[in-house]
Amino acid sequence: MIRIALAAFLLVCSAIPATTEAQRSQLLFVSNEASKSISVIDTRTNSVIRTIGLGHRARGISVSPDGRKVYVALSDDVPMKETEGDRIAVVDVASGNVLARYSSGSDPEQFGVTPDGRRLYSSNEDAGTASATDLRTGKVIATMIVGIEPEGVAVSPDGRWVYVTAETSNSVSVIDTRTNKVVSSFLVDIRPRAAAFSRDGRRAYVSAEVGGSITVVDATRHQAIGSISLESGEGKPVGIVVSRNGSWLYAANGRTSTVSVVDLTKGTVAATIPVGKRPWGITLSADEKYLYTANGLSNDVSVIDVASRKVVDTIKVGMRPWGVAASK
């Protein structure tokens with residue numbers, strides 16, 4: 001009986017697929033603008049385990065909703081014209097291979113992916129437009145006129161709305177994904193760079209670099225309803241991320257080389273954390289125990305312990321890291 005039971009156990013174990021390295025640990029993906037590459041970091045060891053060359057300027061970066069792919073915005077320095085270098089690269093998480101390069105209009109900078117993984121909305125900074133790409137075909141299905149020098153893109157948790165910030169017109173354009181049309185716009189503080197929704201979709205937040213603030217938005221009415229000053233306006237927020245419970249917002253202050261910890265329940269800054277030089281992109285780990293910033297002038301990533309609000313490690317990456325995204 002013991003031998004039969006052991007044989008049955010081994011048979012069951014052999015039927016379970018082997019766990020890959022990518023599945024066992026969380027990975028970070030860092031877009032290196034000047035190196036034209038992605039650095040892949042294993043968060044167990046906080047070390048770079050792979051560098052993926054892309055051949056073009058790499059900026060916005062995100063992991064697909066199913067966690068199997070990484071999308072990164074690539075561009076060439078040819079104004080007002082889409083080139084072969086202006087693409088959304090699709091990278092396989094498990095192998096690190098570039099699977100495809102999708103059209104996304106000229107000079108894509110940032111983007112957001114709908115929760116169903118079917119569409120990607122990107123900002124075309126030089127053209128003053130936003131493009132919708134069908135991720136099943138890799139083709140642009142709509143182009144919408146938005147504000148001047150669009151940059152940040154955020155998709156609401158239900159996939160209904162897309163917010164596109166415009167740093168020169170100090171505005172946010174609201175796209176209805178059912179029609180792929182701009183249905184509204186509203187003003188925010190000076191030079192908005194990024195937007196993020198709360199998990200319930202009732203609030204959105206927009207970083208204003210020159211204004212030194214975070215604009216609070218009623219995302220049900222698409223209206224700015226308040227502002228949170230960072231360091232008396234001296235904080236210079238670019239990338240932002242909101243905790244799952246909606247209580248905390250973390251802002252990467254590029255020009256002051258700090259991260260602001262914002263208590264959204266009180267509308268105040270709870271802490272300011274010194275990090276590497278010119279933090280731009282920012283993300284939370286899946287368990288929200290760590291924060292990561294891509295530091296464009298020190299060419300590294302700062303690892304912040306959320307509980308202690310201190311930098312606990314620094315990871316060297318490529319040249320001019322721009323964005324950072326965590327695997328699911």
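## Two loop residues, paired strands and a pocket in a predicted model

Arg 309 counts as partly exposed because its relative accessible area is 31%, a value that falls between the limits of under 20% for buried and over 50% for exposed. The model described here is a predicted one, and in it Arg 309 sits in the loop that links strand E26 (300-305) with strand E27 (310-316). Although Arg 309 is a residue other than glycine, its phi is positive, near 60°.

Lys 36 can be described along similar lines. The residue is not a glycine, yet its phi is positive at about 55°, and its place is in the loop between strand E1 (27-32) and strand E2 (37-42). With a relative accessibility of 39%, Lys 36 is therefore classed as partly exposed.

### The chain as a whole

The chain contains 2 helices and 28 strands. For 328 residues, a compact globule would be expected to have a radius of gyration near 20 Å, and the chain agrees with this, since its own value is 20 Å. Along the principal axes, the C-alpha atoms occupy a box of roughly 75 × 45 × 40 Å. Of the 328 residues, 56% are buried.

### Sheets and strand pairs

One open sheet consists of 4 strands in the order E8-E9-E10-E11, paired in the antiparallel sense. Its edges are E8 and strand E11 (139-145), and because each of these has a single partner strand, one side of each is left without a neighbour in the sheet. From one strand to the next, the twist averages 25°.

Another open sheet, also of 4 strands, follows the order E12-E13-E14-E15 with antiparallel pairing. Here E12 and strand E15 (181-187) are the edge strands, each pairing on one side only, and the twist from one strand to the next averages 25°.

The table sets out three antiparallel strand pairs, with a pair of facing residues for each.

| Strand pair | Bridges | Facing residues |
|---|---|---|
| E10 (129-134) and E11 | 6 bridges | Thr 133 and Val 140 |
| E14 (171-176) and E15 | 6 bridges | Asp 176 and Lys 181 |
| E22 (258-263) and E23 (268-274) | 6 bridges | Asp 263 and Thr 268 |

The pair E22 and E23 forms a hairpin in which 4 residues lie between the two strands, and Gly 267 in the turn has a positive phi of about 75°.

### The largest pocket

Which strands each supply at least two residues of the lining of the largest pocket? They are strand E4 (57-63), strand E8 (108-113), strand E12 (150-155), strand E16 (192-197), strand E20 (237-242), strand E24 (279-284) and strand E28 (321-326). E8 and E12 thus appear both in this lining and at sheet edges, E8 in the sheet with E11 and E12 in the sheet with E15.

The space in the largest pocket comes to about 1500 Å³. Its lining is made up of 46 residues, and those nearest the centre of the pocket are Ser 62, Ile 240, Val 241, Thr 283 and Lys 328. By residue class, the lining of the largest pocket comprises 26 nonpolar, 15 polar and 5 charged residues.

Note on methods
Residues numbered from 1 in each chain as written. Predicted model: local features only at pLDDT ≥ 70, side-chain atom pairs only at ≥ 80, totals over all residues. Heavy atoms only, no water. 1 Å grid on protein atoms, 1.4 Å probe; cavity = no way out; pocket = protein on both sides within 12 Å on 5 of 7 lines; lining within 4 Å. Points joined across faces, edges and corners; volume = space filled by probe spheres on them. Nonpolar A, V, L, I, M, F, W, Y, C, P; charged D, E, K, R; others polar. Pairing = 2+ DSSP bridges. Axes fitted to C-alpha atoms, helices over the stretch in contact; angles between N-to-C directions. Rg over C-alpha atoms; globule rule 2.2 N^0.38 Å. Buried < 20%, exposed > 50% of the residue type's maximum accessible area, 1.4 Å probe, protein only.
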